[in-house]
Amino acid sequence: MKGRDSNDNRNGETVNEVLDVHPSLLECQAQKCRKSIHDRFFLKAMGKYYHEDCLKCDLCDCRLGEVDCHLYTKYGQKYCKLDYLRLFGPRGVCAACQREIKAYEMVMNTTPSHVYHLECFKCSDCEKPFCVGEKYHLRGSKIICEDHKLLPFPISVRPSD
């Protein structure tokens, strides 16, 4: 996205842009607007100019001119981060429940090959959820808490006497 006086280059650094036309001659390229841009600030994305309120995600219609909002493009469409990741982001499988992990979901990684849904990141023996910074141990793809790390077998499959 670009503003009237500055835009982002590939490194995220601000650079100046000089317009070759007077700003009052610019027309907003949003499908629902197409009005002249007389605002003090405006945005440039995909080589087109927009009012700040008119640059929106083509799927969910959220504003892309907000601070800390990112514009993603593919096939000539504009997307917010969530919609872009949902459509084109990498996916995986939870090591605990074997269900799909969608690209936009928060996860816990123990190793590159062991990724878990947040709700699945708990002790395999007692199902106690882990807090941030709490120690855990891996036994294969099973997560074990400190209380159960010394047990040779998980409680649920411990041999009976």
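## Cysteines and salt bridges

C33 counts as buried, with a relative accessibility of 18%. This is a predicted model, and its cysteines make a good place to begin. The count of disulfides comes to zero. For C33, the nearest cysteine sulfur belongs to C54 and is 3.9 Å away. Because a disulfide needs the two sulfur atoms within 2.5 Å, C33 is in no disulfide. C131, in contrast to the buried C33, is exposed, at a relative accessible area of 56%.

Now to the charged side chains. How many salt bridges does the structure hold? There are six, and the table lists three pairs, among them D58 with K78.

| Pair | Closest N to O |
|---|---|
| D58 and K78 | 3.3 Å |
| E119 and R99 | 3.6 Å |
| K102 and E100 | 4.0 Å |

Where do D58 and K78 sit along the chain? D58 is in the loop between β5 (48-51) and β6 (72-74), while K78 is in strand β7 (residues 77-79), so this salt bridge links distant parts of the chain, 20 residues apart. D58 is partly exposed at 35% relative accessibility, whereas K78 is buried at 11%.The pair of E119 and R99 joins two loops: E119 lies in the one between β11 (114-117) and β12 (136-139), and R99 in the one between β8 (92-93) and β9 (100-101). These parts are 20 residues apart in sequence, and the salt bridge ties them together. R99 is partly exposed, with a relative accessible area of 45%.

Finally, K102 and E100 form a salt bridge. K102 is partly exposed at 34% relative accessibility, and E100 is partly exposed at 38%.

Conventions. Residues numbered from 1 in each chain as written. Predicted model: local features only at pLDDT ≥ 70, side-chain atom pairs only at ≥ 80, totals over all residues. Heavy atoms only, no water. Buried < 20%, exposed > 50% of the residue type's maximum accessible area, 1.4 Å probe, protein only. Helix = DSSP H or I, 4+ residues; strand = E, 2+ residues; numbered from the N terminus.
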